[in-house]
Amino acid sequence: MEKKLEIETEGFKPAPAEYFTGKAFVRTLVEADSVTNCNISYLAFEEGCRNNWHTHPSNQILMVKEGTCYYQEEGKPVQKIGAGGVINILPGIKHWHGASPEAPMEHLVININTDKGLVNWMEAVTNEQYNN
Ligand code: MN
């Protein structure tokens, strides 16, 4: 039985809807600037929510905090990663991440080398891809 996510609404704002299927919320912990070449945030997904296919110019490291993270790299099966699990996504790997259909999911997001850019958004993840 998965634990229901308790989103701290304080400090979270809606993630940009055009890049998500369903609702997600973001809370920035460390903002990249001229001396901090890294961005750290919490990203919370409602059940069934996932982001679009995308790549990152540098590594993106995810640490699952609550729920089960669905994670897929193009051409590979969907992986299901529980709380405490860590995913190191290499530069240029096309992928998506999101919650399970049953419960919300929250993960910590670490984007390194943000001077190279943050994300390149692509097409939405279809229900067929998500449910596979
Ligand atoms: Mn990503």
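This passage walks through a manganese site and the strands around it in a predicted model.

Start with the metal. The manganese ion is held by five protein donors, namely His 54 (NE2), His 56 (NE2), Gln 60 (OE1), His 95 (NE2) and His 97 (NE2), with distances of 2.1 to 2.2 Å. Read along the chain, these donor residues follow the spacing H-x1-H-x3-Q-x34-H-x1-H. His 56 sits in the loop between strand E6 (54-55) and strand E7 (60-66), while His 95 belongs to strand E11 (residues 95-98), so this pair ties together parts that lie 39 residues apart in sequence. Neither residue is left out in the open: His 56 has a relative accessibility of 5%, and because buried means under 20%, it counts as buried. His 95 comes out at 0% and is buried too.

His 97 deserves a closer look. This histidine is also part of strand E11, and with a relative accessible area of 1% it is buried. Its side chain makes a polar contact of 3.4 Å with the side chain of His 95, and another, of 3.0 Å, with that of His 107. Leaving aside residues up to four places away in sequence, the residues touched by His 97 include the donors His 54, His 56 and Gln 60. Other neighbours on that list are aromatic or aliphatic, among them Phe 45, Leu 62, Tyr 70, Tyr 71 and Ile 89. Arg 50, Asn 51, Cys 69 and His 107 are in contact with His 97 as well. Glu 46, by comparison, is 51 residues from His 97 in sequence, and their C-alpha atoms are 12 Å apart.

Now for the surrounding fold. The unreviewed UniProt entry places a "domain: Cupin type-2" feature at residues 44-110. Over that stretch the chain is 52% strand and 0% helix, and the C-alpha atoms at its two ends are 14 Å apart. Six strands build an open sheet with antiparallel pairing, in the order E1-E3-E4-E12-E7-E10. Its edges are strand E1 (13-14) and strand E10 (86-89), each of which pairs on one side only.

Inside this sheet, strand E4 (residues 38-45) is mostly covered, with eight of its eight residues buried. Cys 38, Ile 40, Tyr 42 and Ala 44 point one way from E4, whereas Asn 39, Ser 41, Leu 43 and Phe 45 point the other way. The last of these names, Phe 45, has already come up as a contact of His 97. On one flank, E4 pairs antiparallel with strand E3 (residues 24-30) over six bridges, and Thr 28 has Ser 41 as its bridge partner in E4. E4 is also joined to E12 by eight bridges, again antiparallel, with Cys 38 standing opposite Ile 112 in E12.

Strand E12 (residues 105-112) in turn pairs with E7 in the antiparallel sense over six bridges. This pairing leads back to the metal, as the manganese donor Gln 60 has Asn 111 as its bridge partner in E12.

One backbone oddity is worth flagging. Asn 113 has a positive phi of about 50 degrees although it is not a glycine. This residue lies in the loop between E12 and strand E13 (120-121), and at 28% relative accessibility it counts as partly exposed.

Notes:
Residues are numbered from 1 along each chain as its sequence is written. This is a predicted model: local features need pLDDT of at least 70, side-chain atom pairs count only at pLDDT 80 or more; totals for chains, interfaces and linings use all residues. Side-chain values use heavy atoms; hydrogens and water are left out. Donors are N, O and S atoms within 2.8 Å of the metal (3.2 Å for Na, K and Ca); water is not among the atoms, so sites may look incomplete. Helices (H or I, at least four residues) and strands (E, at least two) are DSSP runs, numbered from the N terminus. Buried means under 20% relative accessible area, exposed over 50%, partly exposed in between (1.4 Å probe, protein chains only). UniProt positions are given in the numbering used here, feature names are shortened, and annotations may be inferred rather than shown by experiment. Two strands pair if DSSP finds at least two bridges between them. Contact means heavy atoms within 4.5 Å. A polar contact is a pair of N or O atoms within 3.5 Å; within protein, one must be able to donate a hydrogen and the other to accept it, and residues adjacent in sequence count only if both atoms are side-chain atoms.
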